[in-house]
Amino acid sequence: MLVIPCPYCGPRCEIEFSYGGQAHIARPEDSAAISDETWADYVFLRDNTKGVFLERWVHAHGCRQWFNVARHTVTYEILASYETGAKPPKLDFVTQV
Amino acid sequence: MIERYLRQSPLAHLGLSGRGQDDGAPAQVRLAERPFSGLVNLRGPGADQTFLDAFEAAAEYALPTAAGASSVGGNTTALWLGPREWAIVDARGEPDAGPRIASRLRAALAGFPAAVTDISESRACIQISGAKARATLQKGCPLDLHPRAFRQGQCAQTRLAKASVLIHLTADESAQGGLAFDVYVARSFAEYVWFWLEDAACEYGANAKL
Ligand SMILES: [Zn+2]
């Protein structure tokens, strides 16, 4: 069970949250003009990182806010959580695997 | 609002008022439905001081802005649900409390990007009190309910036996009537949560308080 630090409520148990996939996926500016391949990339393709991954979570059973989390996909350590729209923080601490 | 004489509280069908009265045996957990609590959901710009001031001018108490905080003014309590969301509660069981709070807030907050929604009918309010109330809730709730971590006046939205609930510690161990929580749960989950609480409290000696 993960303890996820909600930027608004503080550390809470994983069962209060829902997962939202990779963070910082920007919608292409001119979606009518881009190729199908670029659009498919935006809609379907996500990184499959071994290491620190920036991902979205929503505090579904708590404050219902979306936010971002930096989580190590091997050790499951959560290195940071920050508000949606904010830049990811500098992560000095990187676990060696 | 529906005709008052047709209105039923979410746990009315359990016939709690028809149960055997408290026999005086030492019960460490007491359960009660608080029917017809007024409950209004308020959403608005929590970082905008003019919005907070407008609420305070109308309600004569301040909206809580710290996570899990509540504030009391007269017969209503404002519970922090999120950075832009609150619950305004009047748990005295006056049937018109919800619409009355809602219309007052709507008038006071007109012009703000805010939403005032009377959700009284959609929730059940279950009061759980007694010395073992914390221990009973803790069986199905991941929140830290230890007296050091969860104090009088604090509230939190979390899960209880998998149901989504809002828990409010209305009185702690030092209060005159002893420890008491209000647990708000969606109406359709009310019976499930009530029976779960009865079962969880069984080992401590439970009584339905009327
Ligand atoms: Zn939260």
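In the predicted model described here, C155(B) counts as buried because its relative accessibility is 3%; buried means under 20% relative accessible area, exposed over 50% and partly exposed in between (1.4 Å probe, protein chains only). The residue C155(B) lies in strand β8 of chain B, which covers residues 155–160. Helices (H or I, at least four residues) and strands (E, at least two) are DSSP runs, numbered from the N terminus. With residues up to four places away in sequence set aside, C155(B) touches G68(B), A69(B), L79(B), W80(B), F150(B), L166(B), I167(B) and H168(B), where contact means heavy atoms within 4.5 Å. The C-alpha atoms of C155(B) and A97(B) are separated by 21 Å, the two residues being 58 apart along the chain.

This is a predicted model, in which local features need pLDDT of at least 70 and side-chain atom pairs count only at pLDDT 80 or more, while totals for chains, interfaces and linings use all residues. Residues are numbered from 1 along each chain as its sequence is written, chains are lettered from A and ligands numbered from 1 in the order in which they are written, and side-chain values use heavy atoms, with hydrogens and water left out.

Two further buried residues of chain B were examined in terms of their contacts. T136(B) is placed in helix α3 (residues 133–138) and counts as buried because its relative accessibility is 0%. Apart from neighbours within four places in sequence, T136(B) is in contact with V29(B), I128(B), W196(B), L197(B), A200(B), A201(B) and Y204(B). L179(B), by contrast, lies in the loop between β9 (163–171) and β10 (180–186). A relative accessible area of 5% means that L179(B) is buried. The contacts of L179(B), again without neighbours within four places in sequence, include I128(B), S129(B), G130(B), A131(B), A133(B) and R134(B). L169(B), A171(B), D172(B) and E173(B) are also among the contacts of L179(B). From C-alpha to C-alpha, L179(B) and P147(B) are 10 Å apart, with their positions 32 residues apart in sequence.

Backbone geometry was considered next. F36(B) is not a glycine, yet it has a positive phi of about 60°. This residue, F36(B), is found in the loop between β1 (29–33) and β2 (38–43) of chain B, and its relative accessibility of 27% means that it counts as partly exposed. A161(B), also not a glycine, has a positive phi of about 50°. The position of A161(B) is in the loop between β8 and β9 of chain B, and A161(B) is buried because its relative accessible area is 11%.

Aromatic pairs were then counted. Rings of Phe, Tyr and Trp (its six-membered ring) pair if their centres lie within 6.5 Å; planes under 30 degrees apart count as stacked, over 60 as edge-to-face and the rest as tilted. Over all chains, this rule gives 7 aromatic pairs. The ring centres of F17(A) and F67(A) are 5.9 Å apart and their planes stand at 75°, so this pair is edge-to-face. The pair links distant parts of the chain, 50 residues apart: F17(A) is in the loop between β2 (10–13) and β3 (18–22) of chain A, and F67(A) is in strand β5 (residues 66–72) of chain A. F17(A) counts as buried at 7% relative accessibility, and F67(A) is buried with a relative accessible area of 0%. F55(B) and Y61(B) form an edge-to-face pair, with 5.5 Å from centre to centre and 90° between the planes. F55(B) is buried at a relative accessible area of 1%, and Y61(B) counts as buried at 7% relative accessibility. In addition, F51(B), W86(B) and F112(B) are linked into a cluster by ring pairs.

Finally, chain B was described as a whole. It contains 4 helices and 11 strands. Of its 210 residues, 49% count as buried. A compact globule with 210 residues would have a radius of gyration near 17 Å, and chain B agrees because its value is 17 Å; this radius is taken over C-alpha atoms, and the globule rule is 2.2 Å times the number of residues to the power 0.38. Among the contacts in chain B with a separation of 6 or more, 61% join residues 24 or more positions apart.
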